[in-house]
Amino acid sequence: MRHQTVWIVFWRWLCGWESKPRRPRSRYLLPEEWQRVKAVLDHQVVKVRIYFYILVLEGSRMSEARFMQWTHLDLTAGLWYKPMTKNGKAQTLVIGPYPEVSLLQARQKRDEAKAVLRDGSDPAAARKARKT
């Protein structure tokens, strides 16, 4: 079968046939659309609701969500371990809420980290010192 595929690809190249150009995905779920989807999902069985939440909120593929097992989830750390993805590699995703940081706060943290580096000290040690 593989031999035939190679010949088909070679023949298309030789004859100048081109495959259809791939269009980038440009469709996103708008906030008002998400509210409508969420209203419908709230009346579904818990299993169905969680499946679609994972698809939409994590951006995972249907097969990845379908083959997810409880052993792949670490709910205390908020991690989802995918043993096999489409590209054949394992992947670990962070699930759960992301901290909301404004652009101004992010820039202030960046400036603080740059100042620590300029002083020649270790940023990780400075962060630990601030926490204690």
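Biologist: Which residue does the side chain of Asp-111 meet in a salt bridge?

Modeller: Start with the general idea: side chains of opposite charge can pair when their charged atoms come close. In this predicted model, Asp-111 makes its salt bridge with Arg-110, at 3.2 Å from N to O.

Biologist: Are Asp-111 and Arg-110 buried or exposed, or something in between?

Modeller: Something in between. Asp-111 has a relative accessible area of 39%, so it counts as partly exposed. Arg-110 is partly exposed too, with 43%.

Biologist: How many salt bridges does the count come to?

Modeller: The count comes to three. Let's turn to Glu-64, whose side chain meets that of Arg-61 at 3.6 Å, N to O. Glu-64 also forms a salt bridge with Lys-82, and there the N to O distance is 2.8 Å.

Biologist: Why does the pair of Glu-64 and Lys-82 tie together parts that are apart in sequence?

Modeller: Look at where each one sits. Glu-64 belongs to helix H4 (residues 62-66) while Lys-82 belongs to strand S2, so their pairing connects parts that are 18 residues apart in sequence. Taken together, Arg-61, Glu-64 and Lys-82 form a linked network of salt bridges.

Biologist: How should I read the accessibility of that network?

Modeller: Residue by residue. A residue is called buried when its relative accessible area is under 20%. Glu-64 has 10%, so it is buried, and Lys-82, at 5%, is buried as well. Arg-61, in contrast, is partly exposed at 43%.

Biologist: Lys-82 brings us to the strands. What is the order of the strands in the open sheet?

Modeller: The three strands run in the order S1-S2-S3, and their pairing is antiparallel. S1 (73-74) and S3 (91-94) are the edge strands: each has a single partner, so one side of each has no neighbour in the sheet.

Biologist: How many bridges join the strands?

Modeller: S1 and S2 pair over two bridges, and S2 (residues 79-82) pairs with S3 over four. S1 and S2 also make a hairpin, with four residues between them. In its turn, Gly-78 has a positive phi of about 70°.

Biologist: Which residues stand opposite each other?

Modeller: Follow Trp-80 in the middle of the picture. Its bridge partner in S1 is Leu-73, and in S3 it stands opposite Leu-93. Tyr-81 stands opposite Thr-92 of S3.

Biologist: Where do the side chains along S2 point?

Modeller: They alternate. Trp-80 and Lys-82 point to one face and are buried, whereas Leu-79 and Tyr-81 point to the other face and are not buried.

Biologist: Which residues make up the largest nonpolar core?

Modeller: First, the general idea: in soluble globular proteins, nonpolar side chains tend to be buried together. Here the largest nonpolar core has six residues: Ile-54, Leu-55, Ala-65, Leu-73, Trp-80 and Leu-93. You have already met Leu-73 and Leu-93 as residues that face Trp-80 in the sheet.

Biologist: What does Ala-65 touch?

Modeller: Leaving aside residues up to four places away in sequence, Ala-65 touches Tyr-51, Ile-54, Leu-55, Ser-60 and Trp-80.

Biologist: Which residues make the nonpolar surface patch?

Modeller: Val-45, Val-46, Val-48, Ile-50 and Phe-52 make a patch of about 410 Å². Phe-52 is a good one to look up: this residue is in helix H3 (residues 46-58). With 37% relative accessibility, Phe-52 counts as partly exposed.

Conventions:
Residues numbered from 1 in each chain as written. Predicted model: local features only at pLDDT ≥ 70, side-chain atom pairs only at ≥ 80, totals over all residues. Heavy atoms only, no water. Pairing = 2+ DSSP bridges. Patch = residues over 30% accessible without salt bridge, like charges linked within 9 Å, V, L, I, M, F, W, Y side chains within 5 Å. Areas by Shrake-Rupley, 256 points an atom, 1.4 Å probe, with all protein chains shown as cover. Salt bridge = Lys/Arg side-chain N within 4 Å of Asp/Glu carboxyl O. Buried < 20%, exposed > 50% of the residue type's maximum accessible area, 1.4 Å probe, protein only. Core = buried A, V, L, I, M, F, W, Y, C linked by side-chain atoms within 4.5 Å. Contact = heavy atoms within 4.5 Å.
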